Amino acid sequence: MGLSASPTLAFVTLGCPKNTVDSEAMLGLLVRDGFRTVGSADGADVAVVNTCAFLQSAVRESKDVIAGLAEARRAGRLKGLIVTGCLAQRAGATLLDEFPEVDAVLGTGRWAQVASAARHVLEGGARIASTDQAGGAIAAFDPDQPRALSTPRHLAYLKISEGCDHRCTFCIIPRLRGDQTSRALEDLVAEASRLATLGVRELNLIGQDTTAWGGDLPGRPDLADLLDALDRVEGLEWIRVHYTYPREWSDRLIETWARARRVVPYVDMPLQHIAPDMLRRMARGMTGRDTRALVRRIKAGIPRVAFRTNFIVGFPGETEAEFEELTRYVEDEGFDALVVFAYEREPGTPGADMTPRVPVAVRRHRRAALLALQQRLSAARLRARIGERMRVIVDGPAGRGQWACRAAGQAWDVDGGVVVEGENLVPGTLVDVRVTGSAAYDWFARVEPADERTLVLLKGTC
């Protein structure tokens, strides 16, 4: 039986927004090659799963999804199965042994081969595993290449770099994504401009370490240069930067951030810990004193900045006193958004062999305690803003005359939001609202009366 001119495709994405961008690019390539997307793998010609392997829990989730698709393949409800992403890079050809139903494994540097691999699979070709990075993950990005955006129409991610030059002892990412490779400034501006013409109003910059962008390019431009250039792209209203690394921040970057019209006052900087010995064992390249000073400089230099961070508790050797120091820091410094990971031992990282190990139950208890503290702090912080006026972006309807919105200090899909009462709001527009209530992580608000409301697209002030 011959291959259909428009074979059907089911696509599953796991993991972080960096994976989301890769998936959008792969979908663009597959659709351009004639594939037609469907919502379920049952009855599809081919399924692609873009996996995550950042933590062992992510590895288990990825393998569970592969196993479910393998069952459909075995039962004849699916003709081909392709595994891409970080688990494909980490496990390589062993996935072909573990899952006989998998037809192709494409690593992080080979995802641009997905369309040819899918055709190869459906034409009965031999099983393949291609995991050589060789800069392919960045080389495959073309600013004019079609992307099948999976985000709301008014926002998109822009991957500015791939890989990481840091060697944090808990992290497997450099082994999966390679060393830092930056995309050229002109390519990023071209893609941002194209996205703006498609209706994107909020651009989210991502990479393993966005603050290291440009250090490997001719002339060594830096993130401040990139923000200056993107700030001039017409049509964009909000530019948000994720995954900054503390060691790479500079006073010039702070000044640029504060001055730019479109760059929102929002800093996403995983700090991981504050106790000096923990930072040293994690190989973060920053002392506790330097970390505290940097956070203070950023808060002083960027007016009304919202600060999001990550911490790891239960890393090998973490004492009760060090955890208490971290707890005091969270309480004293105050963060707008906080993610806490209970350390997971990752084979292939230096941390995996470190001792003494903190019992799993203690790790989980510390995580729960820190999150409970953050919940109380966040609730008090949001409650203090009741009655204020703020500008929000409209994401979409939330039912019964309510709309899902966000202030500039809230990132899509990872932070809290603002539930707004109003009529006929338009996704992607900015609107002024008055805060009427709050919860632990969300505000409630109403649209200002018509004579006060402002629907013009301006940079947010919250």
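Pro356 sits in the loop between E14 and H14, and in this predicted model the bond that ties it to the residue before it stands out. Thr355 and Pro356 are joined by a cis peptide bond, with omega at about -5 degrees. As a rule, most peptide bonds are trans, and most residues other than glycine have a negative phi. Two residues go against the second part of that rule as well. Tyr243, in the loop between strand E11 (238-241) and H10, has a positive phi near 60 degrees. Arg304 is found in the loop between H12 and E13, and its phi, also positive, is near 55 degrees. Neither Tyr243 nor Arg304 is a glycine.

A glycine does turn up just past helix H13, where Gly334 takes a positive phi of about 80 degrees. As for H13 itself, it runs over residues 320-333, and at 1.5 Å a residue its 14 residues should span 20 Å; the end C-alpha atoms are 20 Å apart, so the expected and computed lengths agree. Buried along this helix are Glu322, Phe323, Leu326, Tyr329, Val330 and Glu333. Looking down the axis of H13, these buried residues fall within an arc of 115 degrees, so they line one face of the helix. The spacing fits the usual helical pattern: an α-helix has 3.6 residues a turn, so residues three or four places apart point the same way. Over on the other side of H13, Ala321 and Asp332 are exposed. The cover over the buried residues includes helix H11 (276-281), helix H12 (288-301), strand E13 (306-313), strand E14 (337-342) and helix H14 (360-383).

How H13 lies against H14 can be put in numbers, since two packed helices are described by the angle between their axes and the distance between the axes. For H13 and H14, the angle is about 15 degrees and the axes are 10 Å apart. An angle under 35 degrees counts as roughly parallel, and H13 and H14 are therefore roughly parallel to each other. The crossing of H13 past H14 is right-handed. On the H13 side, the contact is made by Glu320, Phe323, Leu326, Thr327, Val330 and Glu331, and on the H14 side by Arg366, Ala369, Leu370, Leu373, Gln374 and Leu377. Of the H13 residues in this contact, Phe323, Leu326 and Val330 are among the buried ones.

Helix H10 (residues 251-259) packs on H12 at an angle of about 30 degrees, their axes being 9 Å apart. That makes H10 roughly parallel to H12, and this crossing is right-handed. Here Asp251, Ile254 and Ala258 of H10 meet Arg297, Ile298 and Gly301 of H12.

Technical notes. Residues are numbered from 1 along each chain as its sequence is written. This is a predicted model: local features need pLDDT of at least 70, side-chain atom pairs count only at pLDDT 80 or more; totals for chains, interfaces and linings use all residues. Side-chain values use heavy atoms; hydrogens and water are left out. Helices (H or I, at least four residues) and strands (E, at least two) are DSSP runs, numbered from the N terminus. The expected span of a helix is 1.5 Å times one less than its number of residues. Buried means under 20% relative accessible area, exposed over 50%, partly exposed in between (1.4 Å probe, protein chains only). The arc is that of the directions from the helix axis to the C-beta atoms. Contact means heavy atoms within 4.5 Å. Axes are lines fitted to C-alpha atoms, for helices over the stretch in contact, and angles run from 0 to 180 degrees between N-to-C directions. Angles under 35 degrees count as roughly parallel, over 145 as roughly antiparallel, 65 to 115 as roughly perpendicular and the rest as oblique. A crossing is left-handed if the near helix is turned anticlockwise from the far one by less than a right angle, and right-handed if clockwise.
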